[in-house]
Structure formats: C-alpha cells, structure tokens
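Please work through the following exercises with the sequence and the model side by side. Each task is followed by a solution that goes step by step.

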Amino acid sequence: VARSMVYFPLVGALIGLLLVAVDFIFKIFFSSFIVNIFILIFLALITGALHLDGFIDSMDGLLSGKGKKKILKIMRDSRIGSFGVLAVIFLILLKFSFLNEIVSGIRYPILILMPIISRWAVVYAAKKFPYARETSGTGEPFAKFIGTRELIYATVFTAILAILLMQFKGIIILFIAFLILLFMASWINKKIHGMTGDTYGAIIEIVEVVILISAYFINL
C-alpha cells in the first residue's frame, strides 16, 4: 500500500485531465460560473468526498482546543461539529471564488496541476511525519511503510509536470504549496504528534486551495 504512493501524483494528473474534460464539455452549454460548480461537484464525487470528510473531521478536532487524545477521538466521531461545518463552507467558497478568477490562459494547466501537487503533498507528509494513532487506521500503512524512494520519485514526477505545464510559474506554485504544507503539517504534528488518514485528506483540500490562490496572484 505504501509503495503505491509513488503513483499519487500520477493519479492526480488523471483527475486533472478529467477536470479539464468536464470544463471543456460543460462550457459548451453553461456559463463559466456554472461550469465551476460542476467542476467542484465532480472533484468531490470522483474521490467519494473522502478528502472533504477528512478535512471536516480534522478541523473539528484540531480547532477544538483539546489535547491529543481528545482531538483524535473527535476526529473519529461520525458526527460533524460547528468547526467542521464552518471550515468546509469557507473551503468551498475559497475554491469556487478563486476558480472563477483563473483566466483561460492558465486554466487547464492549473486544473491539472492542482490535484497533482495536492497528492504529492500527502506523500511528503506521510514520509516526514509519523502516524499519530496508537490503534490502526486508514493512514497507518502509508505513514509506517513509505520509503525514501517513493518520495523521491513522486517529487521528481511532480516537478517535471509542473515545469511542463507552467514552466517557471509551475515551480513557483509548487514551492508556495510546499511552504504551506510545511507550516500546516508542522501545526498538525504539534497538535497530535503525527498524521492520520483524516489529516491527509485535509492536506489535499487545503493545498488545492493554496494552488488556486497562488495561480491567481502569479497571473496578476
């Protein structure tokens, strides 16, 4: 399972190509405003809303102000709290707003690059930070068994695609995403001393937003 992480950016590339296809087809019939709604719906559906669920659970726990054990317990609770609700509303609003601002010249490269870099971010987090739970969970095999080779291959593949898609701007976006990833992963690690499957989902969602925001400012 951990060895499969080398292919995470490749999976992201395939998802990105599907997002481009959705955009290309739906814009024949609808305005850009409506097309962006379909893109976000498709992005949630194709992942089974798994990452959104992880983001919501993570925000419920991490923003609770509790200790590690209580945070992990909250994150495993199937009920959604106010922090999770507010956080996911803000997340979707940010994604939608900045997606609307992405100009046509870089729109398709960003739609492809966004899921690539966000999934690479999980590979990095899994390698650099331990698994937080004492009991097993969905993120355990990734955190405990991923090797340096998987991270190197995934990083090289991501960097090459960033250059091919957006040249120097692609590297800038990758670097910005990396800085935010370091900050976010360090904050999570400080809270619960590691990562979980939920925090991997949260990382994907937040990095996707960071890429959209970065693309907006880089292209001003």
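**Exercise 1.** Determine whether Phe38 is buried, partly exposed or exposed, and then describe its ring pairing with Phe26.

*Solution.* Begin with the cut-offs: buried means under 20% relative accessible area, exposed means over 50%, and partly exposed is what lies in between, with a 1.4 Å probe and protein chains only. Phe38 has 29% relative accessibility and therefore counts as partly exposed, and Phe26, with a relative accessible area of 27%, is also partly exposed. Before going on, note that this is a predicted model, in which local features need pLDDT of at least 70 and side-chain atom pairs count only at pLDDT 80 or more, whereas totals for chains, interfaces and linings use all residues. Residues are numbered from 1 along each chain as its sequence is written, and side-chain values use heavy atoms, with hydrogens and water left out.

Next, take the geometry. Rings of Phe, Tyr and Trp (its six-membered ring) pair if their centres lie within 6.5 Å, and planes under 30 degrees apart count as stacked, over 60 as edge-to-face and the rest as tilted. The structure holds 10 aromatic pairs. In one of them, the ring centres of Phe26 and Phe38 are 4.6 Å apart and the planes stand at 45°, so the pair is tilted. Because Phe26 lies in helix α1 (residues 8-26) and Phe38 in helix α2, the pair ties together parts that are 12 residues apart in sequence. Finally, Phe26 and Phe38 join Phe29 and Phe30 in one aromatic cluster.

**Exercise 2.** Classify the ring pair of Tyr216 and Phe217.

*Solution.* The ring centres of Tyr216 and Phe217 are 5.1 Å apart and their planes stand at 80°, so this pair is edge-to-face. As for accessibility, Tyr216 is partly exposed at 26%, whereas Phe217, at 53%, counts as exposed.

**Exercise 3.** Describe helix α9, and find which residues Ile203 is in contact with.

*Solution.* Helices (H or I, at least four residues) and strands (E, at least two) are DSSP runs, numbered from the N terminus. Helix α9 (residues 197-218) has 22 residues and reaches 32 Å from its first C-alpha to its last, close to the 32 Å expected at 1.5 Å a residue, where the expected span is 1.5 Å times one less than the number of residues. Since 16 of its 22 residues are buried, α9 is largely enclosed by the rest of the structure. At the start of α9, a side-chain oxygen of Thr196 comes to within 3.2 Å of the backbone nitrogen of Asp198.

Now turn to the core. A nonpolar core is a set of buried Ala, Val, Leu, Ile, Met, Phe, Trp, Tyr and Cys residues joined through side-chain atoms within 4.5 Å. The largest one has 70 residues, and those with the most contacts inside it are Ile117, Trp120 and Ile203. Helix α6 (residues 104-128) gives the most to this core, with 15 residues. Taking contact as heavy atoms within 4.5 Å, and leaving aside neighbours within four places in sequence, Ile203 is in contact with Ala121, Val122, Ala125, Leu181, Met184, Ile188 and Met195.

**Exercise 4.** Locate Ala49 and Gln167, and state their phi values.

*Solution.* Ala49 sits in the loop between α2 (32-46) and α3 (50-62). Its phi is near 55°, a positive value in a residue other than glycine. Gln167 is found in helix α8 (residues 148-192), and its phi is likewise near 55°.

Notes
Polar contact = N/O pair within 3.5 Å; in protein donor to acceptor, adjacent residues only side chain to side chain.
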